[in-house]
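This report describes a protein chain for a reader who has the sequence and the coordinates at hand. It deals with helix packing, ring pairs and burial.

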Amino acid sequence: MAQQEAAVASGGGAAAVPDKLDAAVFKIAGVVVLGAIMSILDVTVVSVAIPTFMDKFDATYARVAWTMTGYTLALATVIPLSGWAADRFGTKRLYMLALFLFTVGSGLCATADSINQLIGYRVLQGLGGGMLMPLGMTIMTRAAGPQRIGRLMAVLGIPMLLGPIGGPILGGWLIDVASWHWIFLINLPIGAIALVYAWFALPKDNTEPSESFDFIGMLMLSPGLALFLFGVSSLPETGTMSATKVWLPMLIGGLLVIGFIFYSFKPKHPLLDLRLFRNRNLTFATLSLFVFIIAFMGAGLLFPSYWLQVRGETTLHAGLLMAPQGIGAMLTMPIAGMLADKIPIGRTVPFAMSLIAIGFFSFTQVEPDTSFLLLEGSLFVMGLGMGGTMMPIMTSALKTLTPHEVARGSTLVNILQQIGGSVGGAIMSVILTSKTNDAPIVPGSTNPLTGKPLTITELAVASHSDPRLAQMPGGPDLIDRGLHFLADSFASTYWVGFILVLCTFIPIAFLPRKREVTRLAESQPEGATPVMLH
């Protein structure tokens, strides 16, 4: 197999990038894996802790949900800065700063004694977490070179999947045997190890020549994204687009983002380099990923809620029931990574996406007593499809970029992924909330948390932890009606996600069906001698 040469500087001799991943690459990859696991683990751990936060802080679901929304808004705000900052200050220093902020934020979260404090500390976590993934992708791409990035992504993807698999399980176990504080404290030793590891393992920074910082772009894009996502994320709480809290920030944020899009083509060094979309491969790869994230991540966040609310499973059991999806992805991700270096993804991704659609369809048919075997098998099939979809698409998006474009290209990919996940989660939450809000009222009852009349769905969920409710007059019938109503609400929400999954096939149809040619040679100065990319 042909070997890939990467040119990044002038040098005296030529060195070819080996075809196989070597120890030097794996050493650097280990740092990125630790940071990715912390970031991903924290999202999934908190998602299963929401009922605990509601109880401990005496807060509503809409309020507690901001422990995740605040984190997401911080991610979306800081990601645009990572491309410029990586060039200006160097990836090693910036990556270690991101690790430090995330670790400190985790420790502060464990000290929170009010829901507002917890939300604030989660924002600090997000400021660090938002830089971990784009910087990690940049570090990996520079270390391996585009010709080997598919295999590297596959190897890294396996431990990174431990976050989604282990997060709900670990979170449920820690809450059961200790307290909710430990879901944050667990990040402290991992963060400390990652910082020491990064200091010794990452190569010394070679910063780019100083570029002028795009302050105007920052003042338009970062606040615009934050305001727009704030409005979208407020939909589950208000339940209507007509609420000022929803439409006003969405309007202002949308106008700022649109203004940034037109403005970004003017400066020489824009905050977010939209000129990269002139690369057809990058455009369709990021669009495919964006639509997929909206569909799958949005609905996927509700899978544990079905186990908890409809089936009455414990938090730990709900986490264990989600494991087949991660196991399926772990099986196919290494294969997909190797194929991504040999076969155009336009020929492999449609097959993988078909597996996701097949598995997803089962959840559009859920009932209170749907077979566990069917749903677990469906999650496994979806996992098989995930392993052959996300990493290959991300690989294709970055593969034809020059080394100087990699940092800004990874920023584009990550920010669209983050926005897609935020919008998808908000959309699915709004749909589910609107469905459950239509549930019939239990006569003569009041919800002690909200002070509003108790609905049959709320009664059904409460009956899982308090069997005595089934002994009340008409209790069994009301609980049964509530469970069916709740299951139908989940099924209707999953239908929206399923339709969006089908929409993903449109941009996928434009993914490359021929071998891609890397553009690394274009970045060489005249007369430069190729040397190994570090």
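What follows goes from the whole chain to helix pairs, then to single residues and their surroundings.

**Overall make-up**

The model is predicted. The secondary structure of the chain consists of 23 helices and two strands. The chain has 534 residues, and 57% of them count as buried. Taking contacts between residues at least 6 apart in sequence, 81% join residues at least 24 apart.

**Helix pairs**

Two packed helices are described by the angle between their axes and the distance between those axes. Three pairs are listed here.

| Helix pair | Angle between axes | Distance between axes |
|---|---|---|
| α17 (residues 345-363) and α22 (residues 475-503) | about 165° | 9 Å |
| α13 (residues 280-300) and α19 (residues 390-399) | about 150° | 8 Å |
| α1 (residues 23-56) and α4 (residues 91-109) | about 35° | 11 Å |

With an angle of about 165° between them, α17 is roughly antiparallel to α22. The crossing of α17 and α22 is left-handed. On the α17 side the contact is made by Met353, Ile356, Ala357, Phe360, Phe361 and Phe363, and on the α22 side by Ala491, Tyr494, Trp495, Gly497, Phe498, Val501 and Leu502.

The axes of α13 and α19 stand at about 150°, and these two helices are therefore roughly antiparallel to each other. α13 and α19 also have a left-handed crossing. In α13, the residues that make the contact are Asn281, Leu282, Ala285, Thr286, Ser288, Leu289, Phe292, Ile293 and Met297, while α19 supplies Met390, Ile393, Met394, Ser396 and Ala397.

For α1 and α4, the angle is about 35° and the crossing is left-handed. Here Val31, Val32, Gly35, Ala36, Met38, Ser39 and Asp42 of α1 meet Tyr95, Leu99, Phe102 and Thr103 of α4.

Thr103 also lies beside a residue from another part of the sequence: its C-alpha atom is 8.8 Å from that of Pro189, although the two are 86 residues apart along the chain. Pro189 lies in helix α9 (residues 187-201). With a relative accessible area of 45%, Pro189 is partly exposed.

**Aromatic pairs**

There are 17 aromatic pairs in the structure. One of them joins Phe53 and Phe57, whose ring centres are 6.2 Å apart with 40° between the planes, a tilted pair. Phe53 has 0% relative accessibility and counts as buried. Phe57, at 15% relative accessibility, counts as buried too.

Tyr306 and Trp307 make another pair, with ring centres 5.4 Å apart. Their planes stand at 65°, so the pair is edge-to-face, as the angle is over 60 degrees. Both residues are buried.

Ring pairs also link Tyr306 and Trp307 into a cluster with Phe303, Phe360, Phe363, Phe372, Phe490 and Tyr494. Of these cluster members, Phe360, Phe363 and Tyr494 also take part in the contact of α17 with α22.

**Helix α14**

How enclosed is helix α14 (residues 303-310) by the rest of the structure, and why? Six of its eight residues are buried, so the helix is largely enclosed. The buried residues are Phe303, Pro304, Ser305, Tyr306, Trp307 and Val310. Just after α14, Gly312 takes a positive phi of about 70°.

**The loop residue Val366**

Val366 is placed in the loop between α17 and α18 (372-387). Is Val366 buried or exposed? At 1% relative accessibility, Val366 counts as buried, because the cut-off for buried is under 20%.

Apart from neighbours within four places in sequence, Val366 is in contact with Tyr306, Leu375, Ala487, Phe490, Ala491 and Tyr494. Among these partners, Tyr306, Phe490 and Tyr494 belong to the ring cluster. The C-alpha atoms of Val366 and Asp488 are separated by 7.3 Å, with these positions 122 residues apart along the chain.

**Charges over rings**

Two basic side chains are placed over aromatic faces. Lys92 lies over the face of Trp199, at 5.2 Å from the ring centre. Arg122 lies over the face of Tyr71, and here the figure is 4.3 Å from the ring centre.

Terms used
Residues numbered from 1 in each chain as written. Predicted model: local features only at pLDDT ≥ 70, side-chain atom pairs only at ≥ 80, totals over all residues. Heavy atoms only, no water. Phe/Tyr/Trp six-rings, centres within 6.5 Å; stacked < 30°, edge-to-face > 60°. Buried < 20%, exposed > 50% of the residue type's maximum accessible area, 1.4 Å probe, protein only. Lys NZ or Arg CZ within 6 Å of the ring centre and 35° of its normal. Axes fitted to C-alpha atoms, helices over the stretch in contact; angles between N-to-C directions. Helix = DSSP H or I, 4+ residues; strand = E, 2+ residues; numbered from the N terminus. Parallel < 35°, antiparallel > 145°, perpendicular 65-115°, else oblique. Left-handed = near helix turned anticlockwise from the far one by under 90°. Contact = heavy atoms within 4.5 Å.
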